[in-house]
Amino acid sequence: QMARTQKNKATAHHLGLLKARLAKLRRELITPKGGGGGGPGEGFDVAKTGDARIGFVGFPSVGKSTLLSNLAGVYSEVAAYEFTTLTTVPGVIRYKGAKIQLLDLPGIIEGAKDGKGRGRQVIAVARTCNLILIVLDVLKPLGHKKIIENELEGFGIRLNSKPPNIGFKKKDKGGINLTATVTTCPQSELDAETVKSILAEYKIHNADVTLRSDATADDLIDVVEGNRVYIPCIYVLNKIDQISIEELDIIYKVPHCVPISAHHRWNFDDLLEKIWDYLKLVRIYTKPKGQLPDYTSPVVLPYSRTTVEDFCMKIHKNLIKEFKYALVWGLSVKHNPQKVGKDHTLEDEDVIQIVKK
């Protein structure tokens, strides 16, 4: 029906409705309604360890297992036929003092989001990662990149993007109240009618919606669904030992992209450096009283939670109860050392000393 509908102002309303209906049906596919209680299958998800988690996603036989074996020194079965890896194989690397967990996921195929070839479980594990590496074969067409992106998007994973800037709040009465900051960002796609019809599809008739940027119908549906995850992603182009230098120069210009050869271990440094940039981890060094700072094992925090309080919680939850103040050396303070409270935000490679009551 969407393909048959012409796109213009008059039909935008109808297209919005269809998009909402589609998103709703997709969600029912992902979370099936309570069925019979079959026994649990063999374990697929792996316990989360370390400071960050990276998943390798890609088609069968692009070299995910070889990459894992050579990066982490873990043996993941490698053979010349497709679908060699059948469950998740974990590995751990230490980089710049942080422990990073790598997951070699089974290959996915087109239609994985609809449950083909264990695709649903593979993508479900991918949702829990802090970073996704999409491993592609240089020799195979770039259409594969599109297919994998589509599979992940259909499962509610948004790659290399930020959550849409839309405020959405349900209420008990008063109808749909749409406010758009019109002067700063005129809306090209959404108007009051379209918003109402999309929300009506979700049986929401009373809500406040605030549009703070030029949003699309898909953005609004993402916010209403509320189960989307936003994950950074790097495209790893494997098997560059089989192409010419000229082709390699072209590949280097693709955004979010690192060419490597897993078999010959070429360009791994570049890959690790890029992984570190995308994970945005913050290292904090500890300093016991009257001793030199310990630079060997930093406490690693995600960039969204880097206050002194988060640091204390990472070490032990009782530490915050006895917390008096902290002394901090580094980029986040004006003079070294500086006395700070628990709300102070730390920067990468700061040194901290906690003083208890």
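A disulfide is a pair of cysteine sulfur atoms within 2.5 Å, and I would like to begin with that cut-off as we look at this structure, which is a predicted model. How many disulfides does a search of the whole structure find? The search finds zero. Take C233, whose sulfur has its closest cysteine sulfur in C257, at 9.9 Å, and that is too far for a bond. Seen from the other side, the sulfur of C257 has C233 as its closest cysteine partner, again at 9.9 Å. As for their surroundings, C233 counts as buried because its relative accessibility is 0%, and C257, with a relative accessible area of 5%, is buried as well.

Let me turn now to the largest pocket, which holds about 810 Å³ of space. Its lining is made up of 26 residues, and the closest to the centre are N130, P232, L279, Y303 and S304. If we sort the lining by class, we find 13 nonpolar, five polar and eight charged residues. Two strands, β9 (229–231) and β13 (294–302), and two helices, α8 (268–279) and α9 (308–315), each supply at least two residues of this lining. In terms of domains, at least three lining residues come from domain 2 (52–161 + 229–278), and at least three from domain 3 (282–356).

Finally, I would like to show you Q101, which sits in strand β3, residues 98–104. Is Q101 buried or exposed? Q101 counts as buried, because its relative accessibility is 2%, and its side chain makes a polar contact of 3.4 Å with the side chain of R53.

Note on methods: Residues numbered from 1 in each chain as written. Predicted model: local features only at pLDDT ≥ 70, side-chain atom pairs only at ≥ 80, totals over all residues. Heavy atoms only, no water. 1 Å grid on protein atoms, 1.4 Å probe; cavity = no way out; pocket = protein on both sides within 12 Å on 5 of 7 lines; lining within 4 Å. Points joined across faces, edges and corners; volume = space filled by probe spheres on them. Helix = DSSP H or I, 4+ residues; strand = E, 2+ residues; numbered from the N terminus. Nonpolar A, V, L, I, M, F, W, Y, C, P; charged D, E, K, R; others polar. Domains from an automatic or database assignment. Buried < 20%, exposed > 50% of the residue type's maximum accessible area, 1.4 Å probe, protein only. Polar contact = N/O pair within 3.5 Å; in protein donor to acceptor, adjacent residues only side chain to side chain.
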